[in-house]
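Let's take a walk through this model, looking at open space and at how the helices pack. Have the structure up on your screen as you read.

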Amino acid sequence: MNKLIIAYLALISILAAVITIIDKINAKTDSRRIPEDFLLTLGLLGGALSEYITMKLIRHKTRHNKFMVGLPVLLLIQITIIAGLWIYTQRG
C-alpha cells in the first residue's frame, strides 16, 4: 500500500510540474492556456509542492496569490493529514 501511495504522489508531482511548464510555454506563444482551476486541482490532488517549486523556478504565476499562497497552504494541509495518518497507524 505504501508503495502505491508513493507511486501516486510521484506521478501527480511530475504531472503537475509538466502541466505548469506547458502552461508557461503556452503563455509565451499565445497558445491555449491551462485553466487555473485545473492547475489548483493538481495541487489539491497532491502536486502542490512540485507545482509551487516549478512555478518559482520558471517564474510562472508568481504574482497570483491564489498560487503563491494557496499552494503552500494546500501543502501544509497535506503534510498535516499525512502526519496524522502516520501517527494513527503507528499506534495500532
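How much space lies in the largest pocket? About 540 Å³, going by this predicted model. A total of 19 residues line that pocket, and the ones closest to its centre are Ile5, Leu9, Gln78, Ile82 and Leu85. If you want to find the walls by element, look at α1 (2-28), α2 (36-58) and α4 (70-91), the elements that each give two or more residues to the lining. The largest share comes from α4, with 7 residues. As for chemistry, the lining has 13 nonpolar and 6 polar residues, and no charged ones.

Now step back to the whole chain. The protein has 4 helices and 0 strands, so to speak an α-α-α-α run from the N terminus on. Its C-alpha trace spans about 55 × 25 × 20 Å along the principal axes.

Next, the helix packing. Two packed helices are described by the angle between their axes and the distance between the axes. Here are two pairs side by side:

| Helix pair | Angle between axes | Axis distance |
|---|---|---|
| α1 and α2 | roughly 60° | within 7 Å |
| α2 and α4 | about 120° | 8 Å |

Take α1 and α2 to begin with. Their axes cross at roughly 60°, which makes α1 oblique to α2. The crossing of α1 past α2 is right-handed. On the α1 side, the contact includes Tyr8, Leu9, Ile12, Leu15, Ile19 and Lys24. Among the α2 residues they meet as a group are Phe38, Leu42, Gly46, Gly47, Glu51 and Ile58. Sorted by class, the residues of this α1 and α2 contact come out as 14 nonpolar, 6 polar and 3 charged.

What about α2 and α4? These two pack at an angle of about 120°, and they are therefore oblique to each other. This time α2 passes α4 in a left-handed crossing. From α4, the residues in the contact are Leu71, Pro72, Leu74, Leu75 and Gln78. They meet a set of α2 residues including Leu40, Gly43, Leu44, Ala48, Leu49 and Tyr52. The class split for the α2 and α4 contact is 11 nonpolar, 3 polar and 1 charged.

A few residues are worth clicking on again. Leu9 is listed among those closest to the pocket centre, and Leu9 is also part of the α1 contact with α2. Gln78 is likewise on the pocket list, and Gln78 belongs to the α4 side of the contact with α2. On α2, Leu45, Gly46, Glu51 and Met55 turn up in the contact with α1 and in the contact with α4.

Key
Residues numbered from 1 in each chain as written. Predicted model: local features only at pLDDT ≥ 70, side-chain atom pairs only at ≥ 80, totals over all residues. Heavy atoms only, no water. 1 Å grid on protein atoms, 1.4 Å probe; cavity = no way out; pocket = protein on both sides within 12 Å on 5 of 7 lines; lining within 4 Å. Points joined across faces, edges and corners; volume = space filled by probe spheres on them. Nonpolar A, V, L, I, M, F, W, Y, C, P; charged D, E, K, R; others polar. Axes fitted to C-alpha atoms, helices over the stretch in contact; angles between N-to-C directions. Parallel < 35°, antiparallel > 145°, perpendicular 65-115°, else oblique. Left-handed = near helix turned anticlockwise from the far one by under 90°. Contact = heavy atoms within 4.5 Å.
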